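Here's a quick tour for anyone meeting this protein for the first time. Have a look at the picture, then read on.

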Amino acid sequence: MVKFVKYLNLFLLISVFILSGCKNPEPVQVKTPVKSFNLKAGDTLGQSLKSANLPQQENDKIISSLSKVFNPRYCKAGDKYEVETDTSNNWSRFTYKPSGLNFYIVEKSSSGVISSAKKTKEIVHKTYTTQGAIKTSLWESMIAKGIDPELIVSFAEVFSWQIDFLTEPRVGDIYKAVWQREETGDGTIIKDTITGAQYISRGRTYTAIYFLYPDGKSDYYSIKGDSLRRAFLRAPLQYRRISSFFTGRRYHPILKIFRPHLGIDYAAPAGTPVSSVGDGHVVFRAREGGFGNLVRVRHPNGYESYYGHLSHFERSLRLGESVRQGQVVGYVGATGLATGPHLDFRMKKDGSFMNFMTMKFPVVKSIEAKYKDDFTKTAKTALSELARIH
């Protein structure tokens, strides 16, 4: 009798298990096929969509609905898109993924209703670091470590007022950098921002701390809170060489006489853009004797810069308007008394010409007192991250 009861209970337990499984079967998940494509050079979206093997009228519906949230004219080579279909090649979702933060979805419901929407990719912040020693140049040393070219340029620009990376780096100089990368979940890089950097050369350490203000503006500062930017650029253009320096006695190649040359001649190809070395106002824009086409910019604190022998002026430049540091004012030429294309650049201070190459450029600004505590915390974090790099 005991054995009978035991087997009866076991039979009932198995029956309940089987019956419960029959009542609640697990739904079968059917994966929807997804086809991925890249827009090729010269193709329109309509031409490219033919690769998905959908009926032409369905392609037209997709593009028409996409147009409500994204202009197909902005499609460009390299953009990605996906088409989800069932086993009968009936599409249910189209996803367009251009570069940048946004992507676009066109969906078709089971009843055939089509809708479109603009979506934003999720942003992930990651911190990266690097350190290396100069063997030939900063560029080659950082490229060898796999650093993105744009980041190398950014590093050089951060220290551009302290170091001329074309002429000053020495073998054995050390560089360090910490940067924040904004990227999407699929690995697309949105932006790299250097948050801390150092360059060590001949026993001297240059340090840059990135500080973001509440209003969204930002700048790089020294450990003490002085801006690394200076009131003037080191040079107003990318030049090949300096053909004449500031001197009180130079033999003029055209006039055949000795006379002062109170500026710097930068030899560069005709048409090379010339930029204002600092913020200011245009006080002269015209032809002026031996200078040929000349632009003069008045800067704060009694400074005035000259840009002579220009082939032509920047088209939008107007007399009296404000210009920003680095803004193009004209292009290298050989107008006036010149034997070849070059820029005659001069700087005045309180009415007297100065040797620009020996000037100590004034700092643009320092951290305001009300932001000093926030900057101190930011600097402490950056310096700690730089110290941990090995």
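## A pair of facing residues

Let's start small: in this predicted model, Phe94 has Val106 in E4 as its bridge partner. The strands involved are E3 (residues 91-97) and E4 (residues 102-108), which run antiparallel and are joined by four bridges.

Those same residue ranges hold a salt bridge too: the side chains of Arg93 and Glu107 meet at 2.5 Å, N to O. Arg93 lies in strand E3 and Glu107 in strand E4, so the pair ties together parts 14 residues apart in sequence. Arg93 counts as partly exposed, because its relative accessibility is 28%. Glu107 is partly exposed as well, with a relative accessible area of 32%.

## The sheet around them

Zoom out a little and you'll find an open sheet of five strands, in the order E1-E2-E3-E4-E5, with antiparallel pairing. At the edges sit strand E1 (34-38) and strand E5 (114-120), each pairing on one side only. On average, neighbouring strands of this sheet are turned by 15 degrees against each other, direction ignored.

What holds strands together in general? Strands of a sheet pair through backbone hydrogen bonds, either parallel or antiparallel.

## The chain as a whole

Now for the big picture. The chain has 390 residues, and 38% of them are buried. Its secondary structure comes to six helices and 22 strands. Take the contacts between residues at least 6 apart in sequence: 60% of them join residues at least 24 apart.

As for the outside, the accessible surface comes to about 23,000 Å², with 54% of that belonging to carbon and sulfur atoms. One nonpolar patch on the surface is formed by Trp139, Ile143 and Val153, which together have about 260 Å² of accessible area. Trp139 is found in helix H4 (residues 138-144) and is partly exposed, at 42% relative accessibility.

## More salt bridges

How many salt bridges are there? The count comes to 14. One of them joins Asp219 to Arg229, with the closest N and O atoms 3.1 Å apart. Asp219 is in strand E10 (residues 218-221), while Arg229 is in the loop between E10 and strand E11 (241-244), 10 residues apart. Is Asp219 buried or exposed? Asp219 is buried, with a relative accessible area of 6%, whereas Arg229 is partly exposed at 28%.

Another salt bridge brings the side chains of Asp344 and Arg346 together (3.0 Å, N to O). Asp344 counts as buried at 4% relative accessibility, and Arg346 counts as buried at 13%. Finally, Glu58, Lys61 and Lys108 are joined into one network by salt bridges that share partners.

Notes: Residues are numbered from 1 along each chain as its sequence is written. This is a predicted model: local features need pLDDT of at least 70, side-chain atom pairs count only at pLDDT 80 or more; totals for chains, interfaces and linings use all residues. Side-chain values use heavy atoms; hydrogens and water are left out. Two strands pair if DSSP finds at least two bridges between them. Helices (H or I, at least four residues) and strands (E, at least two) are DSSP runs, numbered from the N terminus. Axes are lines fitted to C-alpha atoms, for helices over the stretch in contact, and angles run from 0 to 180 degrees between N-to-C directions. Buried means under 20% relative accessible area, exposed over 50%, partly exposed in between (1.4 Å probe, protein chains only). Contact means heavy atoms within 4.5 Å. Accessible areas come from the Shrake-Rupley method with a 1.4 Å probe; for residues, only the protein chains shown count as cover. Patches are made of residues with over 30% relative accessible area and no salt bridge: like charges are joined within 9 Å, nonpolar side chains (Val, Leu, Ile, Met, Phe, Trp, Tyr) within 5 Å. A salt bridge is a side-chain nitrogen of Lys or Arg within 4 Å of a carboxyl oxygen of Asp or Glu.
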